[in-house]
Amino acid sequence: MLRAHKIRLYPNNKQATYFAKACGISRFAYNWGLSEWKRRHEAGEKVTEGALRKELNAVKHEQFPWMLEVTKCAPQLAIKNDLNSAFKNFFAKRAGFPKFHKKGVHDSFSLSNDQFSVKETAVSIPKLGDVRIAESLRFAGKIMGAAISRIADKWYMAIQVEIPEPEPTHTGENQAVGVDLGIKALATLSDGTVVCGSKASRLCEKKLKRLNQELSRRKGAKKGEAQSNNFKKTKRKIARLYARMANIRMDGIHKLTTMLVKKYDLIGIEDLNVAGMMKNHYLARSIADMSFFEFRRQLEYKGSITGSRVVVADRFFASSKTCNVCGSKLDELALSVRDWTCDDCGTYHDRDVNAAINIRNYAVSSTVSACGELGEVSRSMKQELNVKLKALVRID
Ligand SMILES: [Zn+2]
């Protein structure tokens with residue numbers, strides 16, 4: 001199986017300049033290939049990525065001599081990988097017609113595996129020397145290639161490694177768990193464990209609240225008003241803080257999903273963390289949405305490695321409102337109610353633990369009735385979420 005490890009790079013000035021140039025050339029080649037494709041297509045020719053690369057190679061010495069200043073991978077792989085898959089996705093109706101790439105949006109370029117080598121603390125790139133890396137490569141196996149990209153002002157290298165198919169560690173006899181994702185606590189498990197979010201995350205929320213107040217006072221906050229430099233400055237601060245919050249949350253989710261697949265054979269989760277999303281006032285919805293995707297995506301791919309099964313409860317499944325002891329269902333349970341006592345059997349419930357237990361029971365019973373319903377997280381999941389979010393708004 002192919003795995004990728006994305007590692008932070010610490011290039012010196014010369015190396016960073018080279019990276020930026022290679023990104024520019026990669027983007028140029030992609031855009032050149034796209035317009036060339038359009039031109040040929042309109043002329044009634046059949047276009048292949050191989051023909052485009054051949055043509056670029058033939059003209060680049062004459063027309064684009066500056067392309068020779070960076071690795072030939074940058075323009076070649078931009079067409080062979082990026083443009084080619086953009087068209088493949090388009091023809092398979094997974095995406096719209098390829099668009100021209102803009103500077104500063106997803107800046108990246110690719111390297112084939114003969115163009116770099118990975119050491120303990122650096123990657124070696126011909127003509128560029130050693131570029132320091134933040135951590136050593138996690139996977140042992142054949143290195144297939146890499147992509148170097150920039151996010152804000154930081155550089156990263158995603159290295160693809162072909163690793164042997166791991167032996168599942170689970171035998172199907174271990175325990176089942178239900179997970180109720182939250183915002184304040186990252187998650188509550190059916191055995192009562194509360195997985196806390198980090199303290200840093202709470203500090204960020206406070207800071208975000210303050211920055212938003214600051215922003216509303218700046219000149220430019222009102223509609224139609226020209227944006228002052230201070231307004232832009234505060235906006236940039238908010239963008240950086242969002243990135244940090246997303247990182248912190250992602251880190252927590254990685255740790256949580258790893259722990260879950262190591263420990264449990266059967267993991268029940270909810271379809272979409274509706275309640276959690278509404279509970280929170282400060283954390284951006286988009287972060288909550290993304291972390292739900294990430295949580296499910298990670299659980300499913302990590303689960304496929306350890307042999308854990310993931311069962312997703314139906315979105316209409318009333319995990320919070322149903323008593324896990326006697327099964328009686330409340331008509332209403334306000335979001336502010338954190339604990340309640342069942343009228344029928346008198347059991348006292350912590351809201352989240354009760355929900356997690358119901359999710360676990362759902363997972364257990366659904367594996368008995370419908371085996372093999374798992375499947376990967378599909379590309380259409382994002383679409384699915386959007387539909388659900390719209391449905392939510394209507395319910396509101
Ligand atoms: Zn009850």
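This report describes the sheets and helix pairs of a predicted model.

## Confidence

The model is predicted, and its chain has an average pLDDT of 83. A pLDDT of at least 70 is reached by 86% of the residues.

Two stretches stay under 50 in pLDDT. One is residues 274-278, for which the model has 10 contacts beyond four places in sequence. The other is residues 370-396, with 13 contacts beyond four places in sequence.

## The seven-stranded sheet

Seven strands form an open sheet with antiparallel pairing, in the order β2-β6-β7-β1-β5-β4-β3. Its edges are β2 (108-112) and β3 (117-118), each of which pairs on one side only. Helix α1, residues 13-42, packs on this sheet. The helix touches β2, β5 (129-133), β6 (142-151) and β7 (154-162). The direction of α1 makes about 95 degrees with that of β2; since angles of 65 to 115 degrees count as roughly perpendicular, α1 is roughly perpendicular to β2.

At the β3 edge, the neighbouring strand is β4 (residues 122-125), and the two pair in the antiparallel sense over two bridges. Serine 117 has serine 124 of β4 as its bridge partner.

## Helices α2 and α3

Helix α2 covers residues 49-63 and helix α3 residues 73-91. Their axes come within 10 Å and cross at roughly 160 degrees, and the two helices are therefore roughly antiparallel to each other. The crossing is right-handed.

On the α2 side, the contact is made by Glu49, Leu52, Arg53 and Leu56. These meet Pro75, Gln76, Ile79, Lys80, Leu83 and Asn84 of α3. Sorted by class, the contact of α2 with α3 has five nonpolar, two polar and three charged residues.

## The five-stranded sheet

A further open sheet has five strands in the order β10-β9-β8-β11-β12, with mixed pairing. β10 (194-196) and β12 (309-313) each have a single partner strand, so one side of each lacks a neighbour in the sheet. From one strand to the next, the twist averages 25 degrees.

Within this sheet, β8 (residues 176-181) pairs with β9 (residues 185-189) in the antiparallel sense, over three bridges. Aspartate 180 stands opposite threonine 188 in β9. Helix α5 packs on the sheet and touches β8, β9, β10 and β11 (266-270). The direction of α5 makes about 15 degrees with that of β9; because angles under 35 degrees count as roughly parallel, α5 runs roughly parallel to β9.

## Helices α4 and α5

The helix that packs on the five-stranded sheet, α5, also pairs with helix α4. Helix α4 spans residues 199-217 and α5 residues 229-263. The two axes come within 10 Å and cross at roughly 160 degrees, which makes α4 roughly antiparallel to α5. Here α4 passes α5 in a left-handed crossing, whereas the crossing of α2 and α3 is right-handed.

From α4, the residues in the contact are Ala200, Ser201, Cys204, Lys207, Leu208, Leu211, Glu214 and Leu215. Their counterparts in α5 are Phe231, Thr234, Lys235, Lys237, Ile238, Leu241, Arg244, Met245, Ile248 and Arg249. By class, the residues of the contact of α4 with α5 comprise 10 nonpolar, two polar and six charged.

Technical notes:
Residues are numbered from 1 along each chain as its sequence is written. This is a predicted model: local features need pLDDT of at least 70, side-chain atom pairs count only at pLDDT 80 or more; totals for chains, interfaces and linings use all residues. pLDDT is the predictor's confidence in each residue, from 0 to 100. Two residues are in contact if their C-beta atoms, placed from the backbone, lie within 7 Å. Two strands pair if DSSP finds at least two bridges between them. Helices (H or I, at least four residues) and strands (E, at least two) are DSSP runs, numbered from the N terminus. Axes are lines fitted to C-alpha atoms, for helices over the stretch in contact, and angles run from 0 to 180 degrees between N-to-C directions. Angles under 35 degrees count as roughly parallel, over 145 as roughly antiparallel, 65 to 115 as roughly perpendicular and the rest as oblique. A crossing is left-handed if the near helix is turned anticlockwise from the far one by less than a right angle, and right-handed if clockwise. Ala, Val, Leu, Ile, Met, Phe, Trp, Tyr, Cys and Pro count as nonpolar, Asp, Glu, Lys and Arg as charged, and the others, Gly among them, as polar.
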